[in-house]
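Trainee: Please give me a close look at the shell around the ligand. Then work outward from there.

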Amino acid sequence: MQQKVLVIESSDTSLKRVSRLVRKAGLSPVGADSLIQARQLFEHSTPETFLCAIVAYALPDAPRGEAIDFTTGAFLPTIAVTEDINPLTRSAVLERQVIDYVPKENAQNYDYLHRLLKRLHKNKYTGVMVVSNDRQVRNDMTSLLLRHNFVVYECTCAADAYQLLGAHPHIRLILTTNTLPDASGTQFVSSLRKALSKEQLGIIGIAGAEGTIMSAHFIKSGANDFLRIPYCHEEALCRIMQNVEYMESVQAIREAANTDYLTGLSNRRHFFYEVNLGYSSLPTPHSLALLDLDFFKRINDDYGHDAGDAVLKAIARLITQHFDNAVFARFGGEEFCVYFPHSEAGDVLKRLEAFRLDVEQSCIVHEGHELHVTTSIGVCSYDDSDIDTLLREADKRLYRAKHLGRNQICSSD
Ligand SMILES: Nc1nc2c(ncn2[C@@H]2O[C@H](COP(=O)(O)OP(=O)(O)OP(=O)(O)O)[C@@H](O)[C@H]2O)c(=O)[nH]1
């Protein structure tokens with residue numbers, strides 16, 4: 001279900017513009033043109049109904065931020081929309097514990113609002129840890145992060161931080177001060193970096209009175225970024241968002257490079273990376289199978305390329321269902337590869353046969369057409385052979401399976 005966003009705005013143009021942005025972010029806007037109307041809307045729903053509220057600072061029935069007080073008072077994460085960016089409005093808005101404020105002055109700010117909305121949604125699944133033995137630093141940072149929907153963890157020393165990190169793999173960002181009881185912040189950062197790269201875990205060093213030099217020490221020790229106390233709300237937020245987005249972008253690029261665009265399975269390159277990374281010594285007994293659809297060209301020729309694509313996707317789903325605990329990939333065209341580590345040859349054959357039957361009996365419906373395919377399989381289970389040898393042998397056996405009439409498994413020369 002789409003999450004809702006409460007938009008309180010008296011100007012019709014702004015209400016429409018903000019609502020459009022909310023929809024563009026994949027969320028559902030619920031508009032109110034006054035504080036009274038917002039109260040009425042809220043009477044019939046709980047705060048959890050809404051992801052957040054976007055609230056104009058000045059409304060005819062709430063001229064000095066009373067609507068913001070209303071939404072923050074109801075524990076609804078709130079983004080304030082202001083007419084301008086003058087210092088008085090800024091401090092009046094920020095002291096109300098809003099997520100952020102967006103001045104209406106230019107179109108660029110609306111882009112920022114769109115980015116912020118998307119982040120609020122994603123942040124619900126992103127862990128951030130604050131490591132400091134200074135209670136004030138922890139409280140300030142935690143309050144800022146919670147308003148942005150992050151899942152926040154706090155601790156006072158490096159030892160607890162390692163433990164939390166081990167227990168919560170969704171922690172993507174650490175903010176640490178330099179003085180910890182059991183290590184300096186820079187020692188802590190460099191020891192984290194031995195295990196996790198900048199793309200896997202973002203680290204922001206918080207430099208105190210030591211100032212500029214400490215920021216440089218943090219960066220040299222492996223931190224992605226730094227903040228200097230006293231920091232302003234906007235700067236902290238921009239740095240946090242930028243670092244989280246950087247890691248997400250790298251992850252997205254990596255996924256795109258490793259994944260077959262059509263089926264979502266690993267591609268050939270990533271298959272070898274996974275197998276070689278996962279097993280330094282041969283995980284015997286083991287087997288490797290090559291699966292190739294039979295007469296697939298006919299599907300394309302008779303029903304069109306889109307029908308062929310639908311078949312490939314359906315087969316990929318079957319592979320995912322049948323071969324958990326195995327490493328599999330689309331090798332190209334209508335050919336797939338499955339590697340079975342620590343598996344007896346007899347069990348592998350049974351699993352492959354169940355898959356072959358399932359493919360044979362499946363009916364793939366595409367645009368009203370019922371499509372049927374079969375698959376030929378070559379499998380090799382030499383325990384003393386490496387992956388390349390298994391692959392060569394499986395390929396020969398696949399060729400034999402085709403030659404012997406297709407829709408069968410060939411497991412011997
Ligand atoms: N729809 C679709 N077709 C693809 C894709 N990749 C390769 N193909 C088609 O797959 C077909 C493979 O044809 P062939 O190599 O002759 O194999 P086949 O028809 O399955 O015959 P056998 O393997 O001998 O049983 C070709 O027509 C390719 O164009 C794809 O991503 N989508």
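Mentor: Terms first: helices (H or I, at least four residues) and strands (E, at least two) are DSSP runs, numbered from the N terminus. The model is predicted: local features need pLDDT of at least 70, side-chain atom pairs count only at pLDDT 80 or more, and totals for chains, interfaces and linings use all residues. Residue numbers start from 1 along each chain, as its sequence is written.

Now the shell. The ligand has 16 residues around it. Being near here means that a residue's C-beta atom, placed from the backbone, lies within 6 Å of the molecule or strand in question. The closest are Asp294, Phe296, Lys297, Gly308 and Gly333. Three elements supply at least two shell residues each: S12, helix H12 (296-303) and helix H13 (305-322). H13 gives the largest share, four residues. By class, the shell holds seven charged, five nonpolar and four polar residues. The classes are fixed: Ala, Val, Leu, Ile, Met, Phe, Trp, Tyr, Cys and Pro count as nonpolar, Asp, Glu, Lys and Arg as charged, and the others, Gly among them, as polar.

Next, the sheet that holds S12. Six strands make an open sheet in the order S11-S13-S14-S12-S17-S18. The pairing is mixed. Its edges are strand S11 (266-267) and strand S18 (409-410), each paired on one side only. Two strands count as paired if DSSP finds at least two bridges between them. S12 and strand S17 (residues 375-380) run antiparallel and share six bridges. One residue pair to look at: Ala289 has Val379 in S17 as its bridge partner. Helix H15 (residues 387-403) packs on this sheet and touches S12, S17 and S18. Touching means contact: C-beta atoms, placed from the backbone, within 7 Å. The direction of H15 makes about 140° with that of S17. Such angles run from 0 to 180 degrees between N-to-C directions; the axes are lines fitted to C-alpha atoms, for helices over the stretch in contact.

Go one step back along the chain from S12. The loop between helix H11 (268-278) and strand S12 (287-293) contains Pro285. The peptide bond from Thr284 to Pro285 is cis, with omega near -5°. Check that omega, since most peptide bonds are trans.

Now S13, on the other side of the sheet order from S17. Ala329 lies in strand S13 (residues 327-332). Is Ala329 buried or exposed? Ala329 is buried because it has 26 C-beta neighbours inside 10 Å. The scale: 20 or more other C-beta atoms within 10 Å is buried, 12 or fewer is exposed, and in between is partly exposed. Leaving out residues up to four places away in sequence, Ala329 touches Leu265, Ser266, Asn267, Arg268, His270, Phe271, Phe336 and Cys337. Ser266 is 63 residues away along the chain, yet the two C-alpha atoms are separated by 4.7 Å.

Look just past S14 too. His342 sits in the loop between strand S14 (335-340) and helix H14 (345-361). Its phi is about 45°, positive although His342 is not a glycine. His342 counts as exposed because 10 other C-beta atoms lie within 10 Å.

Finally, the wider setting. The domain assignment gives domain 1 (4-121), domain 2 (124-258) and domain 3 (266-410). These bounds come from an automatic or database assignment. The C-alpha centres of domain 1 and domain 2 are 29 Å apart. Between them, eight residues of domain 1 contact seven residues of domain 2. Helix H5 (residues 107-123) brings three residues, the largest share of the domain 1 side.

A second open sheet has five strands, ordered S7-S6-S8-S9-S10, with parallel pairing. Strand S7 (151-155) and S10 are its edges. From one strand to the next, the twist averages 20°. Strand S8 (residues 171-177) and strand S9 (residues 202-207) run parallel, joined by five bridges. Helix H9 (residues 212-221) lies across S9 and S10, at about 160° to S9. After strand S10 (225-228), the loop to helix H10 (233-258) holds Pro230. A cis bond with omega about 0° joins Ile229 to Pro230.

Notes. Two residues are in contact if their C-beta atoms, placed from the backbone, lie within 7 Å.
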